[in-house]
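Good morning, colleagues. I should like to take you through one chain, beginning with a single side chain and then widening the view.

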Amino acid sequence: MAATAKPNGYSGLQIGLHWAVVLLVILQFLASEGIENAWDTVRDGGAAQTTSTVLLHIGAGALIFVFTLWRLWLRFTRGAPALPEKEPAPLRLLASATHVLIYVLLIGMPISGSVAWFAGIEQAGAAHALAKNVLLALVVLHVVGAFFQQFVLKTSVLTRMAVPQ
């Protein structure tokens with residue numbers, strides 16, 4: 001059953017999952033070289049290497065997938081606060097599109113990475129690599145947008161993701 005009214009803020013669980021995914025995504029970017037090197041070895045005909053960085057990348061990707069689905073379930077069942085009223089309509093559209101695309105990538109990337117790694121499908125690996133760059137651009141846009149809302153439009157958007165309601 002979907003939430004009927006929009007809450008004023010996010011729950012502690014929603015906030016915790018958000019920041020857990022943030023940390024895991026940062027970890028993925030910092031530790032991506034190990035799995036990229038292992039993928040290059042596989043692509044060049046070598047055997048798959050299950051080093052600690054490969055296992056870390058796979059495990060973190062699985063957690064991102066699970067946490068993102070959990071966040072979406074919470075968003076559907078509990079709801080999420082409305083975008084700030086002071087935000088101009090074009091920025092509301094951009095914020096909504098950015099959120100949707102980030103969710104799509106946070107679900108799609110673990111799938112494409114798993115298909116590439118476990119099934120050896122190069123096209124999935126290429127899609128995964130492209131998605132990495134798109135995700136990075138969207139995350140930068142998301143952060144810049146949050147700071148713009150907080151400090152230029154003077155909304156409380158950053159507080160909503162820090163203080164549970």
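**A predicted helical chain**

Phenylalanine 147 is partly exposed, with a relative accessible area of 42%; here buried means under 20% relative accessible area, exposed over 50%, and partly exposed in between, with a 1.4 Å probe and protein chains only. Before I continue, please note that this is a predicted model, in which local features need pLDDT of at least 70, side-chain atom pairs count only at pLDDT 80 or more, and totals for chains, interfaces and linings use all residues. Residues are numbered from 1 along each chain as its sequence is written, and side-chain values use heavy atoms, with hydrogens and water left out.

Let me turn to the overall architecture. The chain has 6 helices and 0 strands, where helices (H or I, at least four residues) and strands (E, at least two) are DSSP runs numbered from the N terminus. Along the sequence the pattern therefore reads α-α-α-α-α-α. The C-alpha atoms occupy a box of roughly 55 × 30 × 25 Å, taken along the principal axes. Of the 165 residues in the chain, 34% are buried. Contact means heavy atoms within 4.5 Å; among contacts between residues at least 6 apart in sequence, 80% join residues at least 24 apart.

A word on confidence. pLDDT is the predictor's confidence in each residue, from 0 to 100. Its mean over the chain is 91, and 98% of the residues reach 70 or more. Among the elements of the chain, helix 1 (residues 12-30) has the highest mean, 96, and helix 2 (residues 32-43) the lowest, 84. Where pLDDT is low, predicted coordinates should not be read in detail.

I come now to the aromatic side chains. How many aromatic pairs does the structure hold? There are 2 aromatic pairs, counting rings of Phe, Tyr and Trp (its six-membered ring) whose centres lie within 6.5 Å; planes under 30 degrees apart count as stacked, over 60 as edge-to-face and the rest as tilted. The rings of phenylalanine 67 and tryptophan 70 have centres 6.3 Å apart and planes at 55°, so this pair is tilted. Both residues belong to helix 3 (residues 52-77), and because they are 3 residues apart there, about one helical turn separates them. Phenylalanine 67 is buried at 18% relative accessibility, whereas tryptophan 70 is partly exposed at 36%.

The other pair, phenylalanine 147 with phenylalanine 151, is stacked, at 5.9 Å centre to centre and 10° between the planes. These two phenylalanines, 147 and 151, are 4 residues apart in helix 5 (residues 122-151), so they too are separated by about one helical turn. Phenylalanine 151 is exposed, with a relative accessible area of 51%.

Next, the charged side chains. Side chains of opposite charge can pair when their charged atoms come close. The structure holds 1 salt bridge, meaning a side-chain nitrogen of Lys or Arg within 4 Å of a carboxyl oxygen of Asp or Glu. Lysine 132 forms this salt bridge with glutamate 36, and the closest N and O atoms are 2.9 Å apart. Because lysine 132 lies in helix 5 and glutamate 36 in helix 2, the pair ties together parts that are 96 residues apart in sequence. Both partners are partly exposed, lysine 132 at 22% and glutamate 36 at 35%.

Which side chain of opposite charge is nearest to arginine 160? Arginine 160, found in helix 6 (residues 157-160), is buried yet has no salt bridge, and the nearest such side chain, glutamate 87, is 7.0 Å away. Lys and Arg count as positive here and Asp and Glu as negative, while His and the chain ends are not counted. The arginine 160 side chain does reach the backbone oxygen of alanine 82, at 2.5 Å. Leaving aside residues up to four places away in sequence, arginine 160 touches several others, including Asn8, Tyr10, Ile15 and Pro84.

In the loop between helix 5 and helix 6 lies lysine 154. This lysine 154 has a positive phi of about 60° although it is not a glycine, and at 57% relative accessibility it counts as exposed.

I close with helix 4. Phenylalanine 118 is found in helix 4 and is exposed, with a relative accessible area of 59%. The C-alpha atoms of phenylalanine 118 and alanine 48 are separated by 9.4 Å, with their positions 70 residues apart along the chain.

Methods:
Polar contact = N/O pair within 3.5 Å; in protein donor to acceptor, adjacent residues only side chain to side chain.
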